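Please open the structure in a viewer and keep the selection panel at hand. The stops below are meant to be followed in order.

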Amino acid sequence: MLTTVRIKSAKPQSRAYKITDSGGLYLLVNTNGAKLWRYKFRIGGTEGLLAIGAFPEVGLADARAAHVAARRMVAQGINPVQAKRQRKEDLVHAQLVREKGSFSAVLADWSDATAAGLSTSTKKQRDREISNDLLPRLGTRSIISISRVEITALLKAVEQRAPEVARNLRNYLWSVFEYAIDTGLLENNQVPPVRTLKRRHQKNHPALSKGQVGGLLRKLADASLMTMPTRVAMELVILTAARKCEVIEGCWSEIDLEAAEWEIPAVRMKARRSHWIPLSRQAVALLKEWREVTPRGQKFLFPNRRDPQRPMANRSLNAVMDRLGYGGVGTPHGMRSVFSTHFNSLGANADVIECCLAHVPLNRTRAAYNRHQYENERRELLQQWADELDKLRDEQ
């Protein structure tokens, strides 16, 4: 049996050596004078070695106490080395949870990590939905305490008033919990599967007939019915067959009036691929007219009336269609369907039509290196469309 006196008097030798105590506990004296407590054990025929500490930081009495505790584990079939490692991991995890484990903290880190590549409108929508429905309920909670049952209840409650928002929230939560798993906070994702919510009943955007488009164009020409920015934006949506958000968030820096073209950067496109729009004579004339009354240095084509540093409000064009009597009959986005239907009925090249609509072709790799695919054909098609709109406007 070891004594403290014997331990203190042990001197280093040319080779490390052991001084045994009992039950597999021994002191290893290294050549550099370090004295290390070790416990040699065997579980199921497999030998193991537990490092208990160094003398004198860990005295003889403490080493024996640790040895007794470890022997009890071995008697129960528990590997004390693995148990020690698990305790360290638990301590580290507990510290991580204390410092970064609140739902709001995880959410903030996730939001920063996933914001790149999101369009301004998408990020605003995400932030708004999270602020309205997730942060008030979960913000101060530890993420490890949030159960699947309560997430399901939260989503079901939101679904009662806004099914689409509920689906968005579920997607956000799934991504946030996956992020928490990746950062070591969680082991399992508590967010319920998609089947928890009702399936989406997809509705196409209502679209006007060609005759109704003519009536809309005549109303747009009446300056007493709307402001000039709204009129120009609405006409530009129709002339270019672009999505509403692509137009109202447009910047002057994207447009070359001399070359009659508009290059929308990938960050603003739904498919995250830049979109080239050849501008018809009518579109160029419209933009030149608008340019004449636009302050120089203004970033957005259509700035928000309350804050010029932001683009026009997303609902503005829908609101003007409602005001003009087309609510429920047509939408700005539906103008793309009118464009597509018109040229498909004429037997135009379907690939050219799809390129004008910025629909991603099956061959994404080829598309990435050919942004101006069918350049001449697209320019011709959009010019034909602008001429057709002039005819529709003039018809009574």
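**Salt bridges and a pocket**

Select Asp307, which counts as partly exposed at 27% relative accessibility. The model shown is a predicted one. Add Arg310 to the selection: the two residues form a salt bridge, with their closest N and O atoms 3.4 Å apart. Arg310 is likewise partly exposed, its relative accessible area being 33%.

Move next to Arg231, a buried residue with a relative accessible area of 15%. Which residue forms a salt bridge with Arg231 at 3.4 Å between the closest N and O atoms? The partner is Glu235. About one helical turn separates the pair, because Arg231 and Glu235 are four residues apart in helix H10. Glu235 is buried as well, at 12% relative accessible area.

Keep Arg231 selected and add Glu289, whose side chain meets that of Arg231 in a salt bridge of 3.1 Å, N to O. Arg231 lies in helix H10 and Glu289 in helix H12 (residues 281-292), so this contact ties together parts 58 residues apart in sequence. Glu289 is partly exposed, with a relative accessible area of 37%.

Now display the second largest pocket, which has a volume of about 420 Å³. Its lining comprises 16 residues, and Thr227, Thr230, Arg305, Met312 and Ser316 lie nearest its centre. Helix H10 (228-240) and helix H13 (316-323) are the elements that give two or more residues to this lining; H13 gives the most, with four. By class, the lining has eight nonpolar, four polar and four charged residues.

For the last stop, select Lys40, Arg42 and Glu47, which are linked in a network of salt bridges. The count of salt bridges comes to 17.

Notes. Residues numbered from 1 in each chain as written. Predicted model: local features only at pLDDT ≥ 70, side-chain atom pairs only at ≥ 80, totals over all residues. Heavy atoms only, no water. 1 Å grid on protein atoms, 1.4 Å probe; cavity = no way out; pocket = protein on both sides within 12 Å on 5 of 7 lines; lining within 4 Å. Points joined across faces, edges and corners; volume = space filled by probe spheres on them. Nonpolar A, V, L, I, M, F, W, Y, C, P; charged D, E, K, R; others polar. Salt bridge = Lys/Arg side-chain N within 4 Å of Asp/Glu carboxyl O. Buried < 20%, exposed > 50% of the residue type's maximum accessible area, 1.4 Å probe, protein only.
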